[in-house]
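I opened the notebook on this entry to look up cysteines, aromatic rings and the surroundings of the ligand, in that order.

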Amino acid sequence: MLLTAEQQAVLDGAQGEVRAKVMKTLVMYGETFGAEKMVPVTSRYGHLVTSFGLGMMKGMYRLMDELIAAGAVSGQKFSADPRPMDKNVPSNPLQNLVFHFMYSKQTPYEAQLRRLGLLDGSPFTCACYLDEVGNLPGKGDVLSWAESSAVNYANSVLGARCNRNSGILELFGSIVGCVPYFGLLTDEGRKASWIVEVKTTKRPEAQLLGSAVGMKVMEDVPYLRGLDRWLGTELGEDARAYLKDFGAATASNGAVGLYHVEHLTPEAVELGDSLIRPDAKVYVVDDAELERVRASYPVIWKDPDAKPKLCFMGCPHMTSAQLHGWTERLGAALAANGRKKVAVPTVFTTAPAVLEAFEKTPDAARLKEMGVIVSYICPLMYMNNPLCGKMPVVTNSNKLRTYTSARYYPDAEILALISGGTQG
Ligand code: F3S
């Protein structure tokens with residue numbers, strides 16, 4: 001790999017042994033993927049995927065201590081993924097005991113994160129790019145992030161450039177301020193090798209379409225045609241929220257780090273069909289295909305007919321407009337069903353900064369009256385508690401379905417379930 005004189009000096013130990021190891025790791029990472037150079041990280045902020053203090057990750061805490069002791073901290077402030085626990089989310093005493101044992105290092109780990117460069121306040125969310133949170137990269141910015149849903153959103157919706165890095169490597173990039181140049185950082189790597197023709201008769205469910213696309217194209221870049229019919233050609237609030245959920249499903253049900261939507265996402269608007277490789281394959285998604293994909297999901301509950309004990313919405317974290325929209329829809333559905341409170345304990349999750357702003361609005365009290373809890377938790381971290389994983393949990397998140405025993409339902413069916421209406 002060709003390094004600049006400055007990068008070579010770091011590798012040679014000019015800034016200490018620990019920084020040299022950090023640089024060496026990144027160089028080895030790049031060489032594995034054929035990178036020929038390192039490029040500067042240009043975003044204002046970083047973002048860390050590892051936000052949970054799992055007791056067993058002793059090696060990671062030692063590594064963090066070593067970095068801090070050597071002064072090898074992040075050159076940019078960073079946000080981090082959501083916290084794994086929130087006392088407001090329903091759990092029984094036994095589950096709480098397991099939580100405290102599992103995440104026993106949460107407090108000291110957060111102290112390490114602060115010393116490494118965590119942003120002030122409570123920057124714990126996967127949707128760090130929301131306005132209220134403020135970690136919003138610009139088009140063309142080079143990032144060192146790893147959270148798959150955030151990388152996917154930053155590449156696709158914001159036009160920033162980031163590979164699907166792993167945890168720790170993203171911190172290393174923020175420490176030395178450069179990342180290996182390959183894959184989604186390059187113009188060539190951002191070209192689509194799939195054309196996805198969306199031919200549904202109604203607006204496709206974001207998380208179902210994302211699942212279908214992810215499972216088909218895996219780590220490739222898809223170029224979607226026909227979705228602008230349902231989302232329009234402006235990246236407004238509604239389209240951005242849709243793409244957040246769609247993208248997270250492509251990233252988790254497959255390994256998509258970037259997609260383009262014709263007439264809508266920045267690079268598709270700018271470069272159009274020139275983004276499509278000549279040998280691109282075609283995948284047609286119609287109503288029947290979405291039904292087929294949904295029917296392929298295994299139900300791994302012990303009792304498939306069990307009554308849901310909990311519902312999680314907001315994986316990735318909800319936007320403010322989604323919180324208000326769901327308050328409205330749920331209020332109307334409960335009234336139509338002659339109920340005041342939800343039929344299934346329900347948790348909406350969002351970024352702490354969005355939650356803080358939401359709590360100042362009348363909808364916060366309305367949701368509370370309906371029995372809905374709004375939390376900053378990561379539902380996946382909750383479900384990783386083996387005692388929680390055994391519960392019949394429902395969700396509208398295809399990411400949560402993929403990684404846990406939670407069962408996926410489209411929005412309309414979730415609404416019927418939690419409002420005590422007829423589902424289907
Ligand atoms: Fe975010 Fe946790 Fe889901 S990090 S995308 S809420 S799994």
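How many disulfides does a search of the whole structure find? I keep in mind that this is a predicted model, and I record that the search returns 0 disulfides. I then looked at C311, which is in no disulfide, since the nearest cysteine sulfur, that of C315, is 12 Å away, whereas a disulfide needs the two sulfur atoms within 2.5 Å. C311 is also buried, with a relative accessibility of 0%. I noted C126 as well, which counts as buried because its relative accessible area of 8% is under 20%.

**Aromatic pairs**

I next went through the rings, where the count comes to 11 aromatic pairs. I took F33 and F182 as one of them, and I find this pair stacked, with 4.8 Å from centre to centre and 10 degrees between the planes. Where do F33 and F182 lie in the chain? I place F33 in the loop between α2 (17-32) and β1 (38-40), and F182 in the loop between β4 (178-180) and β5 (192-198), so that the pair links distant parts of the chain, 149 residues apart. Are these two rings buried or exposed? I read F33 as partly exposed, at 49% relative accessibility, and F182 as buried, at 10%.

I turned then to Y61 and Y109, whose ring centres are 5.6 Å apart and whose planes stand at 65 degrees, so I enter the pair as edge-to-face. Because Y61 belongs to helix α3 (residues 58-69) and Y109 to helix α5 (residues 106-116), the pair ties together parts that are 48 residues apart in sequence. Both Y61 and Y109 are buried. I also recorded a cluster in which ring pairs link F99, Y103, F312 and Y382.

**Charges over rings**

I checked two arginines against tryptophan rings: R329 lies over the face of W326, at 4.5 Å from the ring centre, and R407 lies over the face of W301, at 4.9 Å from the ring centre.

**Around the ligand**

Which residues surround the ligand? I list D81, P82, C126, E147, S149, C315, P316, C378, P379, L380 and K399, and I note that C126 in this shell is the buried cysteine entered above. The elements that give two or more residues to the shell are β9 (310-318) and α16 (379-383). By character, I divide the shell residues into 7 nonpolar, 1 polar and 3 charged.

Technical notes: Residues are numbered from 1 along each chain as its sequence is written. This is a predicted model: local features need pLDDT of at least 70, side-chain atom pairs count only at pLDDT 80 or more; totals for chains, interfaces and linings use all residues. Side-chain values use heavy atoms; hydrogens and water are left out. Buried means under 20% relative accessible area, exposed over 50%, partly exposed in between (1.4 Å probe, protein chains only). Rings of Phe, Tyr and Trp (its six-membered ring) pair if their centres lie within 6.5 Å; planes under 30 degrees apart count as stacked, over 60 as edge-to-face and the rest as tilted. Helices (H or I, at least four residues) and strands (E, at least two) are DSSP runs, numbered from the N terminus. A charge sits over a ring if NZ of Lys or CZ of Arg is within 6 Å of the ring centre and within 35 degrees of the ring normal. A residue is near a molecule or strand if one of its heavy atoms lies within 4 Å of it. Ala, Val, Leu, Ile, Met, Phe, Trp, Tyr, Cys and Pro count as nonpolar, Asp, Glu, Lys and Arg as charged, and the others, Gly among them, as polar.
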